[in-house]
Amino acid sequence: MNITDEVQVKLDRVRGLMKEKHLDVVLLSKNENFFWITGGKSAFVDKSGPAASKIMITAEQNYVVCNSSERYRVMDEELTDGTFELIPYLWHESEAKVLEQYLAGKKVASDNGCYGEDIGTDIQHLRYVLTDAEVARFRMIGPEAAQILEDCCRQIKKGDSEMEVAGMVNGAFFAKGYQMPVTLVAADDRLKKYRHPIPTDNRVEKYMMVAICPQKYGLTVSLTRLVSFGQVDEDKKKRLDAVLKVDAAYILSTVPGVKAKDVLEAGKKVYEEEGYGEDFHLHHQGGALGYPTRDYCTDFSNTETVLEHQAFSWNPTIAGVKAEDTFIVIDGKPEVISHTGSWVYEDVTYKGQHILRPGILAL
């Protein structure tokens with residue numbers, strides 16, 4: 001058996017949890033947990049349900065549970081190194097009956113409550129601290145995702161519909177091996193009115209925003225870019241300046257040991273100082289991410305603490321503008337990974353620290 005260091009670390013984390021909770025068997029059924037535990041391998045078929053294949057972990061063995069629709073591709077193209085032993089069954093057979101021999105008389109838990117105790121939140125916490133291999137993958141896909149989006153934004157033409165732009169963006173990402181769980185596009189009046197704009201046939205005349213959460217190897221890169229046709233007007237500049245200050249406060253306050261809700265408070269204070277206090281209440285502000293588009297969206301009841309090697313994406317909005325990128329907390333400070341250096345940037349200062357944040361590109 002050839003288990004990579006990354007997968008071994010994760011199996012050790014799960015078995016540590018099993019020991020703590022006195023569990024004999026853990027089943028992982030969520031797509032994000034299949035990606036995570038296998039080191040970025042995929043059992044993805046349909047996001048609307050559980051993973052097409054499950055991972056089962058005991059004190060000594062690692063199994064993958066596949067029906068006949070999935071087993072050949074998964075074993076031929078994904079789980080090829082022998083780390084996971086196959087438990088096969090026919091698509092028309094009962095999975096529960098097949099697993100009965102492995103689970104009978106055992107203390108069982110799963111990440112979605114389908115078998116035994118629901119430990120979904122516990123598994124989520126095990127994902128927070130990224131391994132070196134995950135950091136390396138993030139550093140690869142972050143700039144790649146940003147470049148794909150920015151290249152698409154440069155191709156937008158006045159008169160394009162939001163749906164046409166969404167189709168172009170999604171096609172570009174699919175061609176590079178990404179899944180696209182979130183693609184938001186808004187132009188002009190809809191951009192100022194809606195914080196979560198599902199694309200429509202509305203056509204752009206002056207301004208357009210594209211906000212996306214592409215995923216590759218299961219990891220999510222969350223980012224937003226804005227474009228204008230012609231000069232950016234003064235009101236838009238004022239709003240952009242304010243939202244970038246909020247974003248800088250969020251990013252630069254996200255350091256190990258700080259409570260996520262205290263980071264949220266830092267951004268809220270800047271909203272108020274800039275005269276846009278009401279906008280804080282009209283859209284969630286983001287938080288930690290990794291395999292889901294957000295592990296949590298921070299609010300003031302949140303008890304999580306920022307960790308070293310944890311990924312985040314804050315997404316402050318003021319009507320008509322938004323700021324959003326993905327970063328990892330590395331060596332005690334944020335490293336923005338969705339940065340190309342080829343966009344238009346604003347140099348923003350927060351408490352004596354400088355950070356470049358994306359501006360509005362004039363086409």
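Biologist: How much space lies in the largest pocket?

Modeller: Keep in mind that this is a predicted model, and the volume is computed from it. The space in the largest pocket comes to about 180 Å³.

Biologist: And which element gives the largest share of that pocket's lining?

Modeller: Let's walk around the wall. Among the lining residues are Val232, Lys237, Leu240, Val344 and Glu346. Two elements give two or more residues each, namely helix H9 (234–253) and strand E18 (345–350). The largest share, five residues, comes from H9.

Biologist: How many residues of that lining are charged?

Modeller: Names such as Lys237, Asp241, Lys245, Glu346 and Asp347 turn up in the lining. Six of the lining residues are nonpolar and none are polar. The charged ones number five.

Biologist: What about the second largest pocket: how many of its lining residues are polar?

Modeller: This pocket holds about 160 Å³ of space. It has 14 lining residues, and Val182, His196, Cys213, His284 and Glu324 lie nearest its centre. Five of the lining residues are nonpolar and three are charged, while the polar ones number six.

Biologist: Okay, on to charges. How many salt bridges are there?

Modeller: Side chains of opposite charge can pair when their charged atoms come close. For a salt bridge here, the nitrogen and the carboxyl oxygen have to be within 4 Å. By that rule, the count is 27.

Biologist: Glutamate 150 and arginine 225 are one such pair, so how many residues apart are they?

Modeller: Their side chains meet with N and O 3.0 Å apart. Glutamate 150 is in helix H6 (residues 132–154), and arginine 225 is in strand E11 (residues 223–228). The pair links distant parts of the chain, and the separation is 75 residues.

Biologist: Is arginine 225 buried or exposed?

Modeller: Its partner, glutamate 150, has a relative accessible area of 0%, so glutamate 150 is buried. Anything under 20% gets that label. Arginine 225 has a relative accessible area of 1%, so the word for arginine 225 is buried.

Biologist: Which residues are linked with those two in a network of salt bridges?

Modeller: We've just seen Glu150 and Arg225 meet in a salt bridge. Both belong to a network. The others linked in it are Asp247, Asp325 and Arg357.

Biologist: Lysine 157 pairs with aspartate 160, but is lysine 157 buried or exposed?

Modeller: The two side chains meet in a salt bridge with N and O 3.8 Å apart. Aspartate 160 counts as buried at 12% relative accessibility. Lysine 157 has a relative accessible area of 52%, and over 50% is the cut-off, so lysine 157 is exposed.

Biologist: Where does arginine 203, the partner of glutamate 164, lie?

Modeller: The closest N and O atoms of this salt bridge are 3.3 Å apart. Glutamate 164 lies in helix H7 (residues 162–174), 39 residues from its partner in sequence, so the pair ties those parts together. Arginine 203 is in the loop between helix H8 (189–193) and strand E8 (207–212).

Biologist: Last topic, then: how many disulfides does the structure hold?

Modeller: Two cysteine sulfurs have to be within 2.5 Å to count. The sulfur of cysteine 297 is 9.6 Å from the closest cysteine sulfur, in cysteine 213, so that's too far for a bond. For the whole structure, the number of disulfides is zero.

Notes: Residues are numbered from 1 along each chain as its sequence is written. This is a predicted model: local features need pLDDT of at least 70, side-chain atom pairs count only at pLDDT 80 or more; totals for chains, interfaces and linings use all residues. Side-chain values use heavy atoms; hydrogens and water are left out. Helices (H or I, at least four residues) and strands (E, at least two) are DSSP runs, numbered from the N terminus. Buried means under 20% relative accessible area, exposed over 50%, partly exposed in between (1.4 Å probe, protein chains only). On a 1 Å grid over the protein atoms alone, a cavity is a set of points where a 1.4 Å probe fits but cannot get out, and a pocket is an open set with protein on both sides within 12 Å along at least five of seven lines; lining residues have an atom within 4 Å of a point. Grid points are joined across faces, edges and corners, and a volume is the space filled by probe spheres set on the points. Ala, Val, Leu, Ile, Met, Phe, Trp, Tyr, Cys and Pro count as nonpolar, Asp, Glu, Lys and Arg as charged, and the others, Gly among them, as polar.
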